[in-house]
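Dear colleague,

Please find the structure below, together with its sequence. I would be grateful if you would keep it open while reading the notes that follow.

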Amino acid sequence: MAIRRPRANSAHHLQPRYGDPSNSRSHGDPTDIVGDAFNKLAREQLIPQIANRTRNAISVDRREVFYYSRLRSGSRCTCYDAGEGAPHGLCQICWGTGFPGGFHKYGTETYLFEPSRQWWGVNVQLNPLVGVPPWFALEPDTTFGYIEWDETLHRGQYYGIDSSRFEFRNGDGTVKFEMKMDGYDTAFVPYTEVALKERALNNQGRRLRFRVTMERTTAQDRSPMFLQHWYRLLVNSVEPPLLWVDIPRRNESNVLAEYGAIETFQPIQFVFSDEIQQVNLEDLIIRLFDNTRWKVIESSPNDPQNILTSHDVQARKVFSHEIMWLVPL
Ligand SMILES: [Zn+2]
């Protein structure tokens, strides 16, 4: 395992979080030669060693996880209830966070089309009768319609598709999903994950256009419907976007709980390396060896001299009645 260099550029050297407890001199006093020498030693040798030792500790199990940070800003989901001042607790677009997509998966970039986005179409409306959030459906008295939207990818390079989802109902009719990319396709092509991947890998800043066409035989038939489409692109490598974390063994001793015989609220500890900058409350961790979901309830960075070395995270199991149980992986 290569030793990662601490991300010195992202640390705030000039803004100590804690002052000198002795108050004998101001922190970081430039005349303090000994202090400077120590700081330099710490920065260049000791702290990287601490970070490395954390990663190599033998009293822990190293586990692969997927990591999802909860969204805390962005456009508001259509499920948001102004009266209640809260998102819908079971919304399948924002997963109760109020922000479409709900979570950002480490190592990926998510592109999501849902009803709060800009779109245009023919004979299509957002049908609030379906519930919250509303779905796209054919207007009354019509048998054919479509909607379109655009997507411009942020980066020049992607490595593949991590996951994707197209959520629709045929009703009594049919739903057709197509896409095309500027300067690549002369006409719409059927949407498949393979077709999307090919275009994402050859994107080079070109715009993607998507079209969902809905059709029914008579206007009395139940309308086809469409809710959302999303895909996550791999941004680091072609491999699944895994993180390794250390889990102290004493925390994993409850064998029955391991196999789901006992569900417990007892939190366990995960130690994340400096590969991620922040772990926040209500972030989601998927432990892959047993496919369990964990919700972060406490997180503190270890950042001596303001250089991040690791995060100590407490997380508890997510239960099947919680919305986080349903967040797509
Ligand atoms: Zn929502």
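What is the order of the strands in the open sheet of five strands? The order is β4-β7-β11-β9-β10, and the pairing is antiparallel. The edges are taken by β4 (120-122) and β10 (189-190); each has a single partner strand, so one side of each is left without a neighbour in the sheet. As general background, the strands of a sheet pair through backbone hydrogen bonds, in either a parallel or an antiparallel arrangement.

Please note that this is a predicted model.

Within the five-stranded sheet, strand β9 (residues 174-181) and strand β11 (residues 207-215) run antiparallel and are joined by eight bridges. Thr-174 is found opposite Glu-215 of β11. Helix α2 (residues 193-201) lies across β9, β10 and β11, and its direction makes an angle of about 20 degrees with β9.

Strand β13 (residues 243-248) takes part in two further pairings. With strand β1 (residues 60-70), β13 forms an antiparallel pair over six bridges, in which Glu-64 has Trp-244 of β13 as its bridge partner. With strand β14 (residues 268-273), the pairing of β13 is also antiparallel, over two bridges; here Val-245 faces Phe-272 of β14.

Turning to the protein chain as a whole, there are three helices and 17 strands. Of its 329 residues, 28% are buried. Among contacts with a separation of 6 or more, 69% link residues that are 24 or more positions apart.

Yours sincerely,
A colleague

Key. Residues numbered from 1 in each chain as written. Predicted model: local features only at pLDDT ≥ 70, side-chain atom pairs only at ≥ 80, totals over all residues. Pairing = 2+ DSSP bridges. Helix = DSSP H or I, 4+ residues; strand = E, 2+ residues; numbered from the N terminus. Contact = placed C-beta atoms within 7 Å. Axes fitted to C-alpha atoms, helices over the stretch in contact; angles between N-to-C directions. Buried ≥ 20, exposed ≤ 12 C-beta atoms within 10 Å, placed from the backbone.
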